[in-house]
Amino acid sequence: QVQLVESGGGLVQPGGSLRLSCAASGSIFSIFSIYTMGWYRQAPGKQRELVASIAGGSSTNYADSVKGRFTISRENAKNTVYLQMNSLKPEDTAVYYCNIDPPSQTWWGQGTQVTVSS
C-alpha cells in the first residue's frame, strides 16, 4: 500500500522560510530513486499545480512562480523528498502535497498546510 506523508507546514510571516518533508512508503517504492517526485500545491478555489519536481538523478524543475525561492531535494536512502521554501509570499498559501510526476490520482496524501500571513 502506497503512502505519501507530508509534514513541515505551518504559519509563517512574509519573507519567512519553511522546510517540507515527504516520506514515501510501500513496496512500489522499493527502488525509490527511479521515480521523479513532485511537490504540488492547491490554494483555495484554485486547481492543484506542480511547484517543483526532481528526477532520480536529481535534475530539477520549478514553476516560474517559485524559481529562486524554493529548492527541491531528495534523500533516496530514506525515501524522502524535501521542499525548502524561502522568501515566502502570501500567494504561496496553500495545501502542499507530494506525489510522483506525473501524479498518480490514487496516491494523494493529506497534504500539509502552509499559510503565509502577517
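This note goes through a predicted model, point by point.

1. **The open sheet.** Six strands make up an open sheet. Their order is β2-β10-β9-β4-β5-β6, and the pairing is mixed. The edges belong to β2 (10-12) and β6 (60-62). Each of these two has a single partner strand, so one side of each is left without a neighbour in the sheet. From one strand to the next, the twist averages 25°.

2. **The β5-β6 edge.** Strand β5 covers residues 49-54 and runs antiparallel to β6. Three bridges join the two strands. One residue pair to look at is Ser-53 with Asn-61, its bridge partner in β6.

3. **The β7-β8 hairpin.** β7 and β8 form a hairpin, with four residues between them. The pairing is antiparallel and extends over six bridges. Thr-71 stands opposite Gln-84 in β8. In the turn, Asn-79 has a positive phi of about 50°.

4. **Two faces of β7.** Which residues of β7 are on its covered face, and which on its uncovered one? Phe-70, Ile-72 and Arg-74 are on the covered face. Thr-71, Ser-73 and Glu-75 are on the uncovered face. Thr-71, the residue opposite Gln-84, is thus placed on the uncovered side.

5. **The disulfide.** A search of the whole structure turns up one disulfide. Cys-22 and Cys-98 are its partners, with an S to S distance of 1.8 Å. The torsion about the S-S bond is about 45°, so the disulfide is right-handed. Cys-22 lies in strand β3 (residues 18-25) and Cys-98 in strand β9, so the link ties together parts that are 76 residues apart in sequence. Cys-22 is buried, at a relative accessible area of 0%. Cys-98 is buried too, also at 0%.

6. **Salt bridges around Arg-41.** The count of salt bridges comes to five. One of them joins Arg-41 to Glu-49, at 2.7 Å from N to O. Burial differs between these partners: Arg-41 is buried, with a relative accessible area of 6%, while Glu-49 is partly exposed at 33%. Arg-41 also forms a salt bridge with Asp-92, where the closest N and O atoms are 2.9 Å apart. That second pair links distant parts of the chain. Arg-41 is in strand β4 (residues 37-42), whereas Asp-92 is in the loop between β8 (80-85) and β9 (94-100), 51 residues apart. Both Asp-92 and Arg-41 are buried.

7. **Asp-92 and Arg-69.** Asp-92 has a salt bridge with Arg-69 as well, at 2.7 Å from N to O. This pair again links distant parts of the chain. Asp-92 sits in the loop between β8 and β9, and Arg-69 in the loop between β6 and β7 (70-75), 23 residues apart. Arg-69 has 10% relative accessibility and counts as buried. Through shared partners, salt bridges join Arg-41, Glu-49, Arg-69 and Asp-92 into one network.

8. **The surroundings of Asp-92.** Is Asp-92 buried or exposed? Its relative accessibility is 0%, so Asp-92 counts as buried, the cut-off being under 20%. Leaving out residues up to four places away in sequence, Asp-92 touches Arg-41, Arg-69, Phe-70, Ser-87, Val-114 and Val-116. Two of these, Arg-41 and Arg-69, are its salt-bridge partners. Phe-70 is on the covered face of β7.

9. **The nonpolar core.** Nonpolar side chains tend to be buried together in soluble globular proteins. Here the largest nonpolar core has 30 residues. Which of them have the most contacts inside it? They are Phe-29, Met-37, Trp-39, Leu-83, Met-85 and Tyr-96. The elements giving two or more residues to this core are β3, β4, β5, β7, β8, β9 and β10 (112-116).

10. **Tyr-96 as a contact point.** Tyr-96 is among the core residues with the most contacts. Neighbours within four places in sequence aside, Tyr-96 is in contact with Glu-6, Leu-20, Trp-39, Tyr-40, Arg-41, Val-51, Phe-70, Leu-83, Met-85, Gly-111, Thr-112 and Val-114. Arg-41 from the salt-bridge network is in that list. Phe-70 and Val-114 are in it too, and Asp-92 touches both.

Definitions and conventions:
Residues are numbered from 1 along each chain as its sequence is written. This is a predicted model: local features need pLDDT of at least 70, side-chain atom pairs count only at pLDDT 80 or more; totals for chains, interfaces and linings use all residues. Side-chain values use heavy atoms; hydrogens and water are left out. Two strands pair if DSSP finds at least two bridges between them. Axes are lines fitted to C-alpha atoms, for helices over the stretch in contact, and angles run from 0 to 180 degrees between N-to-C directions. A salt bridge is a side-chain nitrogen of Lys or Arg within 4 Å of a carboxyl oxygen of Asp or Glu. Buried means under 20% relative accessible area, exposed over 50%, partly exposed in between (1.4 Å probe, protein chains only). A disulfide is a pair of cysteine sulfur atoms within 2.5 Å. A nonpolar core is a set of buried Ala, Val, Leu, Ile, Met, Phe, Trp, Tyr and Cys residues joined through side-chain atoms within 4.5 Å. Contact means heavy atoms within 4.5 Å.
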